[in-house]
Amino acid sequence: MLGAVAAGAAAFALRPFVAVAAEDAVAGDAIAPLPVQEVAPGLFVYQAPYELADARNEGAVANVGFIIGREAVAVFDTGNSRLAGRRLRAAVRDKTPLPIRFVIFTHMHPDHVLGAAAFAEDKPEIVASTKLPRALAARAETYLEAGARAIGPAFGGTVAVEPTRVVDGSDAIDLGGRRLTLTTYPTAHTDNDLSLFDTETGTLVLGDLLFLGHVPSIDGSTLGWLAVLDTIAARTDVRRVVPGHGPAVVDFPAGLGPERTYLERLVADDRALLKAGGDIAEAPERAGVSERGKWALFDEFNPRNAITTFHELEWE
């Protein structure tokens, strides 16, 4: 059985999904499917707006989607509320009656995981990096409190769900003649990033290892992220990539370029600040600021990115 993450104690408390459904304030409402695009045969993506979660967008603020095989479906990421997850599930049901056997988390951030309870009746495997459970448990209480404040009544029934299958290095799942390869990475965007590669179409789903349009958010290592981008860019089997925030799909490897430029700018500016004897308090106004006009939500995320990068570079 799937379970809700027990916040504050870095442990899990299993929670029956009948209780989750009873708490859902919008359970009886008609569910509008998320509008999805078929970016490759049988691979559908919802392109999210460049927004923070709020009542108007109901927490559907990350690119999410699903892949249809000959026997089953895999969903990747689920939105920032159970309602966002229900809308994603409705989109799946608009396209196929096949069973949803897998829900895959690309990392632990709430806009990617908090919709998972919407898939309880499907009894899927919940797949994530082996490092995700601890990271999510440590943050679940904060995520749930913030989501309730930002989204309001539409957040009803939202819980943090425990993975039932973890990946350390690489793994694969089969949707019936359609193989998905799952890969984990050293610390980059977070310490629990995971990608999925659809071998049939050459499509790589990167989650928040790739931002376009929406400024990147660093919750791991800037230098590590740049190294992971090098690893990904060297692949010769990828035709296209799906970002965690940005267009539904972009060309490979060109689509990696703007994010790399931003991260390299942060590193260069913070190194210059350190060399000049500057203080970490100066980083938000000095590091990355030349990139401001190129990214949505820049002022919401760049100050923290600048401080995180400065702190990392202090230890070089």
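In the predicted model, the end C-alpha atoms of residues 61-245 lie 8 Å apart. This span is 27% helix and 29% strand. Residues 61-245 are covered by the annotation "domain: Metallo-beta-lactamase" in the UniProt record, an unreviewed entry.

Strand β6, residues 73-76, takes part in two pairings, one with β5 and one with β7. Strand β5, residues 64-68, runs antiparallel to β6 and is joined to β6 by four bridges. The connection from β5 to β6 is a hairpin of four residues. Within this pairing, Phe66 stands opposite Val75 of β6. The pairing of β6 with β7, residues 100-104, is parallel and also comprises four bridges. Here Val73 has Ile100 of β7 as its bridge partner. Between the two parallel strands comes helix α2, residues 82-95, and β6, α2 and β7 together make a right-handed β-α-β unit.

In a regular strand, side chains alternate between the two faces of the sheet. The side chains of β6 are arranged in two sets: Val73 and Val75 point one way, and Ala74 and Phe76 point the other way. All of these residues are buried. Val75, which stands opposite Phe66 of β5, and Val73, the bridge partner of Ile100 of β7, thus both belong to the set pointing one way from β6.

A further set of six strands forms an open sheet in the order β10-β11-β12-β13-β14-β15, with mixed pairing. The edges of this sheet are β10, residues 170-174, and β15, residues 250-251, each of which pairs on one side only. Inside the sheet, β12 (residues 194-198) and β13 (residues 203-211) pair in the antiparallel sense, over three bridges. Leu196 stands opposite Val205 of β13.

Helices α5, residues 222-233, and α8, residues 298-313, pack with their axes 8 Å apart and at an angle of about 95°. Angles of 65 to 115 degrees count as roughly perpendicular, and α5 and α8 are therefore placed in this class. The contact involves Thr222, Leu223 and Gly224 on the α5 side. On the α8 side, Thr309, Glu312 and Leu313 meet these residues.

Most residues other than glycine have a negative phi, and most peptide bonds are trans. Three sites in the model depart from this pattern. The peptide bond from Phe252 to Pro253 is cis, with omega near 0°. Pro253 is placed in the loop between β15 and α6, the latter formed by residues 257-275. The strand that precedes this loop, β15, is an edge strand of the six-stranded open sheet.

The other two sites concern phi. Glu58 is not a glycine, yet has a positive phi of about 60°. Glu58 is found in the loop between β4, residues 43-46, and β5. With a relative accessible area of 23%, Glu58 is partly exposed. Leu297 likewise has a positive phi, near 60°, in a residue other than glycine. The loop that holds Leu297 runs between α7, residues 283-286, and α8. Buried means under 20% relative accessible area, so Leu297, at 15%, counts as buried. The helix that follows this loop, α8, is the one that packs against α5.

Terms used
Residues numbered from 1 in each chain as written. Predicted model: local features only at pLDDT ≥ 70, side-chain atom pairs only at ≥ 80, totals over all residues. Heavy atoms only, no water. UniProt positions renumbered as here; feature names shortened; annotations may be inferred. Pairing = 2+ DSSP bridges. Buried < 20%, exposed > 50% of the residue type's maximum accessible area, 1.4 Å probe, protein only. Right-handed = clockwise from strand over helix to strand, strands pointing away. Axes fitted to C-alpha atoms, helices over the stretch in contact; angles between N-to-C directions. Parallel < 35°, antiparallel > 145°, perpendicular 65-115°, else oblique. Contact = heavy atoms within 4.5 Å.
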